[in-house]
2 protein chains.
Amino acid sequence: MDISIERLCIENGLKMTGPRRVIARVLSEATDHPDVDELHRRATRVDSRISLATVYRTVRLLESKGILSRRDLGSRRARYEASGDKHHFHLVDKESGTIVEFDAPQAEAMLREIAKAQGFEVDTIKIELFGRRTAK
Amino acid sequence: MDISIERLCIENGLKMTGPRRVIARVLSEATDHPDVDELHRRATRVDSRISLATVYRTVRLLESKGILSRRDLGSRRARYEASGDKHHFHLVDKESGTIVEFDAPQAEAMLREIAKAQGFEVDTIKIELFGRRTAK
DNA sequence: ATACATGCAAATCCTTTGCTCACTA
DNA sequence: TAGTGAGCAAAGGATTTGCATGTAT
């Protein structure tokens with residue numbers, strides 16, 4: 001439904017080709033953190049001719065434009081999410097692999113302070129917690 | 001000077017072979033976050049017969065024993081540091097690639113609280129800040 | 001029309017593994 | 001000596017790239 005990634009592409013002056021539009025939409029619709037293979041799977045459901053190489057090239061391009069963020073989250077494959085998403089941090093259940101997102105504005109502010117004291121201007125903060133569910 | 005990694009290996013019942021001892025010492029002496037290639041380079045300075053495969057096997061083994069921690073820090077290659085090191089978080093200068101370590105006990109405590117509220121018991125926290133030097 | 005994107009297959013990079021021989025406990 | 005560990009080379013998985021062709025602007 002949401003076509004914000006596609007819009008961001010246009011705002012960044014990117015040529016909107018068929019494959020790119022499909023990939024942008026797949027990304028906009030994702031509520032999880034798909035890896036490139038999974039993005040390719042979803043994209044080829046819409047247009048089976050889209051190649052894996054194109055998906056790789058597209059996520060790299062969008063990352064360079066700041067539209068997407070790459071996450072590592074333990075596994076060997078890179079995962080992607082829209083940079084504009086609200087919840088930036090991740091809680092990874094080591095047993096099931098489930099990823100819960102959360103915010104921590106206060107912790108974030110503290111970290112920025114620490115960085116500033118070291119003479120750094122921070123543009124990206126990555127926070128990942130790994131553990132296991134106890135309750136619930 | 002410090003041989004603590006070697007000691008931890010022994011405490012974990014690991015057989016101390018020549019190559020393993022060299023690698024353990026290289027790790028103990030490292031104050032940075034070497035990748036496997038760099039560890040291999042340092043180890044072969046001591047004993048040129050040590051193979052890259054052995055370095056890979058050793059870091060994996062030590063990670064499984066909890067002696068080492070793997071870090072991703074943006075680049076494609078995994079980096080390692082002793083788990084016992086004081087400073088757990090990283091500030092990465094995107095321009096130079098320099099990594100500064102820091103602590104943030106309060107932020108850490110906050111994050112643990114958030115996780116607990118979600119029913120998680122956290123065992124690892126990764127915090128990485130990416131940015132660039134402004135002053136200094 | 002021009003510059004850029006795509007598909008395909010081959011190449012690359014990092015890491016793991018199979019096998020045989022060597023060594024530690 | 002029994003059981004691992006090591007070295008080498010080959011395999012593997014993820015990602016990138018060269019090249020000829022297609023396409024958006």
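This passage looks at how two chains meet in a predicted model and at the two largest pockets found there.

A good place to start is the contact between the chains. In this model, 34 residues of chain A are in contact with 34 residues of chain B. Together the two chains bury about 3100 Å² between them, and 63% of that area lies on carbon and sulfur atoms. Charged partners also take part, with four salt bridges found across the interface of chain A and chain B. A:Lys94 and B:Asp123 form a salt bridge through their side chains, with 3.0 Å from N to O. Polar contacts across the interface of chain A and chain B amount to 12 residue pairs, counting pairs in which both residues have a pLDDT of 80 or more. On the side of chain A that touches chain B, the elements giving two or more residues are the strands β3 (89–93), β4 (99–102) and β5, along with the helix α5. Of these, β5(A) gives the most, with 14 residues. By class, this side of chain A divides into 17 nonpolar, six polar and 11 charged residues.

Attention now turns to the open spaces. Rolling a probe the size of a water molecule over the atoms shows where empty space is left. The largest pocket holds about 1100 Å³ of space. Its lining is made of 39 residues, and the closest to the centre of the pocket are A:Glu63, A:Arg70, A:Asp72, A:Lys126 and B:Gly74. Several elements of chain A each supply at least two residues of this lining, namely α3 (36–46), α4 (52–64), β1 (68–71), α5 (105–117) and β5 (120–133), and β3 (89–93) of chain B does so too. Sorted by class, the lining of the largest pocket has 17 charged, 13 nonpolar and nine polar residues.

The second largest pocket has about 540 Å³ of space. Here 23 residues form the lining, and those closest to the centre are A:Lys94, B:Glu63, B:Arg70, B:Thr124 and B:Lys126. A:Lys94 is thus met again, as the partner of B:Asp123 in the salt bridge described above. From chain B, the elements β1 (68–71), β2 (79–82), α5 (105–117) and β5 (120–133) each supply at least two residues of the lining of the second largest pocket. This lining divides into 12 charged, six polar and five nonpolar residues.

Technical notes:
Residues are numbered from 1 along each chain as its sequence is written. Chains are lettered from A and ligands numbered from 1 in the order in which they are written. This is a predicted model: local features need pLDDT of at least 70, side-chain atom pairs count only at pLDDT 80 or more; totals for chains, interfaces and linings use all residues. Side-chain values use heavy atoms; hydrogens and water are left out. On a 1 Å grid over the protein atoms alone, a cavity is a set of points where a 1.4 Å probe fits but cannot get out, and a pocket is an open set with protein on both sides within 12 Å along at least five of seven lines; lining residues have an atom within 4 Å of a point. Grid points are joined across faces, edges and corners, and a volume is the space filled by probe spheres set on the points. Helices (H or I, at least four residues) and strands (E, at least two) are DSSP runs, numbered from the N terminus. Ala, Val, Leu, Ile, Met, Phe, Trp, Tyr, Cys and Pro count as nonpolar, Asp, Glu, Lys and Arg as charged, and the others, Gly among them, as polar. Contact means heavy atoms within 4.5 Å. Buried area is the accessible area (1.4 Å probe) that two parts lose on being put together, summed over both. A polar contact is a pair of N or O atoms within 3.5 Å; within protein, one must be able to donate a hydrogen and the other to accept it, and residues adjacent in sequence count only if both atoms are side-chain atoms.
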